[in-house]
Every structure is written in structure tokens, then in C-alpha cells.
Amino acid sequence: MTFILIGAIFLLFILIASMVKVVPQRTAIIVERLGKYRATFTAGFQILIPFFDKVRYRHTLKEQAIDVAPQICITRDNIAVEVDGILYLQVLDPQKASYGIDNYRFASIQIAQTTMRSVIGKLELDRTFEERESINATIVDAVDKASEPWGVKVTRYEVKN
């Protein structure tokens with residue numbers, strides 16, 4: 001009889017522990033109920049219904065620094081230049097970032113690389129270092145426009161090499 005009571009108390013403890021979620025500051029959790037979007041939980045104490053609610057996505061609302069891999073760009077005077085950079089972005093709408101696109105980080109990197117190749121291709125080698133600020137601004141504008149439906153905001157871009 002005591003084993004059954006101890007087992008019931010243990011199961012009750014597990015059930016209550018699975019109901020309670022404490023969401024850290026600057027974090028958002030997307031919750032689905034039976035596979036359908038239910039709510040976005042932000043910082044604080046939150047309660048889930050066991051077996052029905054499930055945490056599907058977890059996003060940080062902090063600014064994220066993403067390394068853009070080095071790539072070869074051809075300048076207007078046909079000289080190959082290896083260029084890489086750092087993309088800084090922030091999730092503004094966790095629901096759109098979850099359901100609007102499969103992987104917003106990968107997509108942002110691809111758009112940044114494509115735009116970088118395009119901008120470098122319009123410049124001569126001598127002007128690539130002088131135009132670094134305008135290259136950064138052009139990439140930020142392009143990625144920011146493309147990522148608007150995903151609920152992501154690009155804060156800045158920096159060319160490393």
C-alpha cells in the first residue's frame with residue numbers, strides 16, 4: 001500500500017512539474033496545442049496543460065551574431081576577392097520566425113552572401129575597402145527587406161575581410 005502511495009505521489013509530482021514552465025528573460029517559447037499554434041510565452045511563470053500543450057519552438061530575443069562564411073567575389077575589373085562578414089539580427093516576432101520560414105538564420109546568411117557578391121561585383125578592387133560602409137548598408141537593407149515577413153530584424157552587418 002505504501003509503494004502505491006509513493007508511486008502516486010511521484011506521478012503527481014511529475015505531472016505538476018510538466019505543467020510549469022519558467023521562461024527566462026529575453027526568450028520566447030511557441031506553444032502548440034494538439035499540433036496547432038496556441039500561444040507565445042514570454043518571460044515569467046507559465047502553465048501548460050499536460051499531454052495537450054507542447055513547446056514547439058524556443059527563440060532568443062537577444063541580438064544574435066551570425067558568421068557569414070568566406071566566399072569568392074569577382075570585382076568589376078575581374079579580380080577574385082575572398083570576403084566574409086558578420087550578420088547581426090534579432091527576432092522581433094517569434095510566431096513569424098517559427099511559422100514564416102523553415103530556418104531564418106540560414107536564409108539570412110544566403111541573402112547576405114548573394115547581396116555581397118552583387119555589391120562587390122559592381123566595384124573595382126581599389127574601391128572595395130573605401131566602400132566598406134556602403135557595402136554594409138546595402139547588405140543590411142537587402143536582408144532586412146527580405147526578412148521582414150519572418151519577424152526578424154537585421155541590426156547591422158560588418159565585412160571582416
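So, what covers the buried residues of helix 5? Helix 3 (104-121), helix 4 (125-128) and strand 8 (152-159) are among the elements that do. This is a predicted model, where local features need pLDDT of at least 70, side-chain atom pairs count only at pLDDT 80 or more, and totals for chains, interfaces and linings use all residues. Numbering starts from 1 along each chain as its sequence is written, and side-chain values use heavy atoms, with hydrogens and water left out.

Some terms, quickly. Helices (H or I, at least four residues) and strands (E, at least two) are DSSP runs, numbered from the N terminus. Contact means heavy atoms within 4.5 Å, and buried is under 20% relative accessible area with a 1.4 Å probe, protein chains only.

Back to helix 5: the buried ones are Ile 135, Asn 136, Ile 139, Val 140, Val 143, Asp 144 and Ser 147. They sit on the same side of helix 5, because their arc around the axis is only 155°, taking directions from the axis to the C-beta atoms.

Now the sheet. It's open, with 3 strands in the order 6-7-8 and antiparallel pairing; strands pair if DSSP finds at least two bridges between them. Strand 6 (64-74) and strand 8 are the edges, each with a single partner strand, so one side of each has no neighbour in the sheet. From one strand to the next, the twist averages 25°. Angles run from 0 to 180 degrees between N-to-C directions, with axes fitted to C-alpha atoms, for helices over the stretch in contact.

Strands 6 and 7 (residues 80-91) pair over 9 bridges, antiparallel, and Ile 72 stands opposite Glu 82 in strand 7. Helix 3 packs on this sheet, touching strand 6, strand 7 and strand 8, and its direction is about 35° from that of strand 6.

How values were computed: Buried means under 20% relative accessible area, exposed over 50%, partly exposed in between (1.4 Å probe, protein chains only).
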